[in-house]
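I opened this entry to record what I looked up, one topic at a time. The notes follow the order in which I went through the model.

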Amino acid sequence: MSLIEIKVPDIGDFAEVTVIELMVKPGDTVKAEQSLITVESDKASMEIPCSHTGVVKELKIALGDKVKEGSVVLMLEVVETAGAATPDATPAAAIAAAPAIPAEKAQTATDSAVSAAVGPVEVRLPDIGDFKDVAVIEIMVKVGDSIQLEQSLMTVESDKAAMEIPSSAAGVLKELKIKVGDKVNIGDLIAILEGAAPTVAATPTASAAPAVTAPAAPVATTAAANPASATAPVAAVALAVPAHNPTTAPVGLPHASPSVRKFARELGVPLNEVRGSGLKGRITDADVQSFTRSVMSGAIQTIAAEAKTKSTGTSTSSDGGGLGLIPWPKLDFSKFGPVERKDLSRIKKISGANLLRNAILIPAVTNHDDCDITDLEAFRVSTNKENEKSGVKITMLAFLIKACVSALKKFPEFNSSLDGDALIYKQYYHIGFAADTPNGLMVPVIKDADKKGIMQISQEMGELAKKARDGKLSPAEMTGASFTISSLGGIGGRYFTPIINAPEVAIMGVCKSTMQPVWDGKAFQPRLMLPLSLTWDHRVIDGAGAARFNVYLGQILGDFRRVLL
Ligand code: CAO
């Protein structure tokens with residue numbers, strides 16, 4: 001067995017494409033040629049296949065990331081090497097979805113279209129790379145339509161990529177030479193246009209001119225060669241963050257062309273909830289429109305709206321989000337003084353959406369408590385002195401992680417997740433910890449904290465926190481937590497109310513320990529007290545259970561030998 005990097009293969013002329021779907025997760029067994037992720041440019045979505053059979057060890061990319069040829073997608077433990085393609089070879093051939101067309105050729109196509117438009121004009125399938133016999137899965141125009149130059153005519157799909165085919169000429173569509181389900185190849189006649197669009201110059205011999213049959217490049221490539229349209233793809237790529245929650249694992253990849261995906265995103269339609277009426281269940285524009293109409297008329301609800309209705313007991317259709325709130329105040333702040341507008345970072349946008357959902361949907365309660373860590377802190381300080389040369393500093397957070405694992409074992413519902421009417425009790429103890437980074441809040445995860453010692457946890461925490469600050473955390477290093485700790489101890493404060501990191505059901509917030517006078521029955525003693533703030537989901541946990549959790553945690557931190565009991 002060996003660990004190999006699976007990289008993005010040659011994806012044609014695209015400099016950078018956006019990851020819009022993750023189709024595998026760590027622990028999954030994947031076969032050679034199985035699709036791993038979907039990437040999207042402004043005109044094509046492509047599935048990136050695996051070059052080997054093996055087990056996914058670690059994902060190196062996240063939803064919304066921009067990738068290009070050579071970017072590492074994941075680490076794969078190869079279990080079957082015989083006959084496997086090299087990481088790059090097979091996909092490179094399979095994925096050349098939108099190949100380069102030389103600038104002169106693209107220009108020729110454009111020129112020819114401009115000069116060719118009065119008589120019948122043949123539109124042929126352009127060079128779409130190494131693909132043969134690609135299937136026509138969607139036709140976007142009908143006879144009689146007025147077609148613009150570079151307007152998408154149809155979508156073709158190989159087993160790995162979907163591409164929209166633009167028109168190489170403008171005019172009225174006289175005849176379609178293909179239908180959904182047909183297999184097409186480069187140079188195949190796909191349509192006949194007639195007459196010139198207002199912006200297109202006409203020449204009567206157009207149909208015979210080789211330039212007319214010179215194909216238009218798939219639009220992304222043409223855009224690069226054509227400054228006039230070069231801005232469009234950039235804007236489209238920037239929008240290419242899925243409409244559904246980015247942390248939600250995709251369940252069944254919705255099949256839809258890039259333009260349908262874009263359309264759905266613009267309307268906020270969750271594509272994975274739309275039933276496709278096209279070939280092989282493909283989602284069309286009409287499906288998205290019909291879904292939108294059904295939601296607007298109240299005939300159906302999106303899954304998110306339904307969940308909101310269930311948890312709040314209110315309907316979302318009648319009162320703007322189901323909360324009956326007045327609109328967000330919109331102010332021109334510059335009336336009051338100088339201002340500067342800065343876009344939120346991508347992390348803030350993603351975590352903000354998650355925090356909002358979790359704050360609204362979870363009936364959360366916070367219990368505050370203090371625990372005595374005088375002896376533990378003395379032990380920590382002396383151990384750090386002894387181990388000065390090791391380079392690993394033990395932090396209070398490492399003790400907290402270990403203590404929380406003990407408390408989670410004693411109170412297993414804190415290590416569970418709600419699944420409809422059932423609770424999933426996790427038998428693993430993966431502890432997330434909030435890390436403050438220049439780009440916003442991130443939550444790296446210490447996996448199997450129950451099996452690790454304080455030194456190892458401290459070392460891993462240091463490494464993960466550094467990666468978080470450098471923006472180098474992989475998705476695998478941020479997923480799978482069963483409980484989270486948010487420590488503001490290094491900064492200050494007394495108590496706060498952390499927001500639960502769904503689908504977890506509790507989170508421990510910790511603030512700065514301070515010396516406090518504590519009554520021992522005879523006198524006040526100076527003790528180092530650590531403030532704890534445990535937020536819990538009242539659907540799963542009761543107040544008494546939360547109080548017991550805090551008391552037990554306090555006992556462990558007060559005398560760490562209890563961890564061994
Ligand atoms: N009480 C008193 N002092 C504490 C303490 C506590 N509870 N926790 C840490 N400290 C001290 C440490 O001992 C250290 O002091 P020395 O340098 O003298 O040893 C100092 O504070 C700095 O600690 P640290 O923050 O670097 O290390 P950590 O292990 O405690 O925390 C990390 C690591 C990544 C959690 C932290 O750096 C961080 O990012 N915290 C912010 C988390 C956050 O933003 N939470 C809010 C989420 S909700 O928006």
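**Threonine 53 and alanine 162**

I began with threonine 53, whose side chain reaches the backbone nitrogen of alanine 32 at 3.0 Å. The model I am reading is a predicted one. I placed threonine 53 in strand 6, which covers residues 53–59. I then looked up its exposure: threonine 53 has 12% relative accessibility and therefore counts as buried, the limit being under 20%.

Next I went to alanine 162, which I found in strand 13 (residues 161–166). Alanine 162 also counts as buried, at 4% relative accessibility. I noted its separation from glutamate 40: the two are 122 residues apart in sequence, yet 9.6 Å apart in space from C-alpha to C-alpha.

**The ligand**

Which residues come nearest to the ligand? I listed Lys393, Asp436, Arg469, Ser486 and Ser513, out of 21 residues around the ligand. By type, I counted the shell as 10 nonpolar, 6 polar and 5 charged residues.

I then wrote down three polar contacts. The side chain of arginine 380 has an N or O atom 3.2 Å from an oxygen atom of the ligand. For threonine 395, an N or O atom of the side chain is 3.3 Å from an oxygen atom of the ligand. With serine 487 the backbone is involved: one of its N or O atoms lies 3.1 Å from a nitrogen atom of the ligand.

How much of the ligand does the protein bury? I have 960 Å² exposed for the ligand taken alone, of which the protein buries 68%. I also checked which elements give two or more residues to the shell, and these are strand 21 (435–437), helix 13 (454–469) and strand 24 (483–487). Helix 13 gives the most, with 3 residues.

**Aromatic rings**

I searched the whole structure for aromatic pairs and got 8. The pair I took up to begin with was phenylalanine 411 and phenylalanine 414. Their ring centres are 6.3 Å apart and their planes stand at 75 degrees, so I entered the pair as edge-to-face, the class for angles over 60 degrees. I have both residues as buried: phenylalanine 411 has a relative accessible area of 12%, and phenylalanine 414 is at 0%.

I then turned to phenylalanine 483 and phenylalanine 549. Here the centres are 5.9 Å apart with 35 degrees between the planes, and the pair is tilted. Why does this pair tie together parts that are 66 residues apart in sequence? The reason is that phenylalanine 483 lies in strand 24, whereas phenylalanine 549 lies in helix 14 (residues 543–558). Phenylalanine 483 is buried, with a relative accessible area of 0%. Phenylalanine 549 is buried too, and its relative accessible area is 0%.

Strand 24 had already come up in my notes as one of the elements that give two or more residues to the ligand shell. I also followed the ring pairs from residue to residue. They link Phe411, Phe414, Phe483, Phe549 and Tyr552 into a cluster.

**A lysine over a ring**

My last entry is on lysine 409 and tyrosine 429. I found that lysine 409 lies over the face of tyrosine 429, at 5.3 Å from the ring centre.

Terms used:
Residues numbered from 1 in each chain as written. Predicted model: local features only at pLDDT ≥ 70, side-chain atom pairs only at ≥ 80, totals over all residues. Heavy atoms only, no water. Near = heavy atom within 4 Å. Polar contact = N/O pair within 3.5 Å; in protein donor to acceptor, adjacent residues only side chain to side chain. Areas by Shrake-Rupley, 256 points an atom, 1.4 Å probe, with all protein chains shown as cover. Helix = DSSP H or I, 4+ residues; strand = E, 2+ residues; numbered from the N terminus. Nonpolar A, V, L, I, M, F, W, Y, C, P; charged D, E, K, R; others polar. Phe/Tyr/Trp six-rings, centres within 6.5 Å; stacked < 30°, edge-to-face > 60°. Buried < 20%, exposed > 50% of the residue type's maximum accessible area, 1.4 Å probe, protein only. Lys NZ or Arg CZ within 6 Å of the ring centre and 35° of its normal.
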